[in-house]
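Some labels in structural biology rest on a cut-off. The turns below ask how such labels are earned, and each answer sets a value against its rule.

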Amino acid sequence: MSKAGDQAIEYVVNLKGLTSAEAARLLAEHGPNVIAEDKPNPLRLFFKKLWGPVPWMLEATLALELIMGNRVEALIIGFLLVFNAILGFMHQQKAQNALNMLRTRLQIKARVLRDGSWQVLASSELVPGDYVHLRVGDFAPADLVIAEGQVLVDQSALTGESVPVEREPGENVYSGSVLRRGEASGTVTATGSQSFFGKTAELMRGAGSRGHAEALVMSIVRYLLLMDGALVVAILIYAGLTGLPLLKVMPFALILLVASVPVALTATFTLTSAVASLDLSSKGVLLTRLAAIEESAAMNELCSDKTGTLTLNELTLSGMQAADGVDDGDLLLMGALASDERTQDPLDTAILTRLRETGIAVPEKTGFTPFDPATKRSEATFRHDGIAWRAIKGAPHVVAKLAGVEGAFWETAIADLAASGARVLGVAAGPEGGTPTFKGLLALADPPRPEARAIIAELKKLGVRVRMVTGDSMATARVVAAELGMEGAVIGGREEIAKGEICDIYAGVYPEDKFRLVQTFQNIGHTVGMTGDGVNDAPALKQAEVGIAVSTATDVAKAAASMVLTDSGLKGVVEAVKTGRRVYQRLLTYTLNKIVKTIQVAVFLSLGLIVFRHFVVTPLLVLLLLFANDFVTMSIANDNVRISPEPDVWNVRMLIKTSLIIAVAWLAYIFAVFGVGKDVLSLPISELRTLSFLGLVYSGLSNVLLVRERSYMWSSRPGGYLMLAIAGDVAMVSLLAHFGVFGMARLAWSDIGLLLAFTVVYVLLLDLIKVPLLKSPPTPREVAAS
């Protein structure tokens, strides 16, 4: 047997766990329970930025310019190519660093017996010999041998087996397996690279996947490319009819197409989301995929768990109602036997804490079946006076039915205890094989979180309606809802949910019912958020646009969710909504600006050539224009924006309509600039091209300021980086134009100042047209209908 195998046998016999000193020694010997990721060569990543449709078009233009002997133009194209590659590479690295940080924060936790007490540690701290406890919904954090318990394990991610397998004491559970049923304790035999799976299960799957906004912009860009393609065809036909040299027209045509491609799209969107994710992580929200930020901006319905999310989840035994002939001590003992400290379940902890205070002796258990959401009970076996007994704890109606108890008395007792908002559990016990005796009821109080009422009110102001979803009784749900200021109908039972009934408080809900509830709201056009913590919540978390795993969630729930709260309560959801809406505003700014500028530049260049019979702007200056626009576009990721008071949704119809109107206005502006320069100032063609270039740059910068604010431009202060980029851009191109460098003809400061003043006045007038176009966002129902 291998050395690792010998160690495994040695570890299995140690059922008391390790001391901190032993664990530290083994950690130094074996290393952390992680696998170092292969880091790609940075140089290779950089050169990938030079490979793709956009770089190919620039490289083709570069080759043509070199063939024609235009070295200055070739130099500018080469600089633009390298500049975009460097910028894209830097932003990708920044985004990757953000994702790496999130991966670190989202690492799997493990329940470990250290120094004689159960602790929750990061799985990376596990070492061979540690004694760990697993329950339903956990990822196995390392390879281990079961010592106690029996579990059903899903190891399809490891072996491809679609059917879960049973694992008993003495059998192995491998790292990355998912527990589908049961609980077990065992000794770690291998960690890190020595484990069967080779690494800890990854919770950040798809974190870099494309969001809806990026896909939307790419679809719009495809139409813009078709428009530009049609304009290029028109230019080529015109060149053929008028005898323009093809070698002069081709670079211009290629540049016209390049002007439509969102060179900074991926970098801008990724950087914007990455910056937002870092901000959220400092506020107790960890994203498992960056696209979740966009969805949170549109969320208008939030189905929230009660326990631990709207309440403190700090349960205390607030009351007991023993059955006739049963004393409180016997009731408490049977309830405690049906509990397990290793699960760290708040209900079990509260009961066991009260039992320890009484000093009642506890018989040794011979078996334990943990709480199952499907059966709504837990069960333990033990020996009483030499006879095998079982103790049952769970939903009062379920336990009462098992014990054969019926009647108005217990219904009234349950209602009285629940009326105070307490969580009520039924307890029964008796010899195995027979009908257990109903012992009575335990009431556990879980008061609402102090901040919950204010958070619900704040979400309501943001246009997000919070609906309580709980497995508790209607009476308990109604009391807690009243304390939280939640008004509306209360329904209970699976039949109502199956019928698609809509209300504000849902009681008696099973985890699998949440999936139907999410679908119900989605079918009527809502964007739904759902909180959850258990393995059975995973389908609902996956189905919801915004699946939110609460701080106590199982590993499976975290993997299914799109965001994970590290703090209790809903404060993190408020932050996610606000951050999502800030990101939406920034991405909308980018999208509007891209559409407007593409239409303006493409139509002006092509129609200008056909109408005025010469290039209104040279290909070299178009390249400088792309450089100037990208320089400013990147700063949108950090722009200071105001959040919308209502959910933000992408409406293509509004987007195109607004863009077209603004683009036509800017087209009128640039043709007016060219006309005034030609007919009023009588500038020669070389100076006209420089003036037109400055007009395109100034209007492009003004357009960013115009579309970044849905209200009037002065309603919010632009971000510092954005203002710095705009000021630098204006200064740079103005100086270049005045001194007549980089293919520009020299312009007088008076002409440059006059153009700047005209641009300022024009954008202020255009702002009056923009406001009514962008002020009223569509409702989710209107979006669904469209």
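A residue is called buried under 20% relative accessible area, exposed over 50%, and partly exposed in between. The model shown here is a predicted one.

Q: What makes Val760 count as partly exposed?
A: The relative accessibility of Val760 is 46%. Partly exposed covers the range between under 20% and over 50%, so Val760, at 46%, gets that label. Val760 has its place in helix 26 (residues 749–774).

Q: Which residues form the nonpolar patch on the surface?
A: The patch is made of Tyr712, Trp714, Val760, Val761, Leu764, Leu765 and Leu768. Together these residues have about 700 Å² of accessible area. A residue in a patch needs over 30% relative accessible area, and Val760 has 46%.

Q: Why is the pair of Asp130 and Arg114 called a salt bridge?
A: The rule asks for a side-chain nitrogen of Lys or Arg within 4 Å of a carboxyl oxygen of Asp or Glu. In this pair the closest N and O atoms are 2.8 Å apart, so the rule is met. Asp130 lies in the loop between strand 2 (117–122) and strand 3 (131–134), and Arg114 in strand 1 (residues 109–114), so the salt bridge ties together parts that are 16 residues apart in sequence.

Q: Are Asp130 and Arg114 buried or exposed?
A: Asp130 has a relative accessible area of 0% and Arg114 has 8%. Buried means under 20%, so Asp130 is buried and Arg114 is buried.

Q: How do you know that Lys283 and Glu575 form a salt bridge?
A: Their side chains meet with 3.5 Å from N to O, and the cut-off is 4 Å. The pair links distant parts of the chain, 292 residues apart: Lys283 is in the loop between helix 9 (265–281) and strand 8 (285–287), and Glu575 is in helix 21 (residues 571–612).

Q: Which labels do Lys283 and Glu575 get for accessibility?
A: Lys283, at 31% relative accessibility, counts as partly exposed. Glu575 has a relative accessible area of 13%, so Glu575 counts as buried.

Q: Where in the chain are Arg467 and Asp504, which form a salt bridge?
A: The closest N and O atoms of Arg467 and Asp504 are 4.0 Å apart. Arg467 is in strand 16 (residues 465–469), and Asp504 is in the loop between helix 17 (494–498) and strand 18 (505–507), 37 residues apart. Salt bridges that share partners join Glu301, Arg465, Arg467 and Asp504 into one network. Arg467 is buried, at 4% relative accessible area, and Asp504 is buried, at 9%.

Q: How many salt bridges does the structure hold?
A: The structure holds 21 salt bridges.

Q: Why are the buried residues of helix 16 said to be on the same side?
A: The buried residues of helix 16 (residues 474–483) are Thr476, Ala477, Val480 and Ala481. They cover an arc of only 130° around the axis, which puts them on the same side of helix 16. An α-helix has 3.6 residues a turn, so residues three or four places apart point the same way. Helix 16 is followed by Gly485, whose phi is positive, near 75°.

Q: What share of the protein chain counts as buried?
A: Of its 786 residues, 55% count as buried.

Note on methods. Residues are numbered from 1 along each chain as its sequence is written. This is a predicted model: local features need pLDDT of at least 70, side-chain atom pairs count only at pLDDT 80 or more; totals for chains, interfaces and linings use all residues. Side-chain values use heavy atoms; hydrogens and water are left out. Helices (H or I, at least four residues) and strands (E, at least two) are DSSP runs, numbered from the N terminus. Buried means under 20% relative accessible area, exposed over 50%, partly exposed in between (1.4 Å probe, protein chains only). The arc is that of the directions from the helix axis to the C-beta atoms. Patches are made of residues with over 30% relative accessible area and no salt bridge: like charges are joined within 9 Å, nonpolar side chains (Val, Leu, Ile, Met, Phe, Trp, Tyr) within 5 Å. Accessible areas come from the Shrake-Rupley method with a 1.4 Å probe; for residues, only the protein chains shown count as cover.
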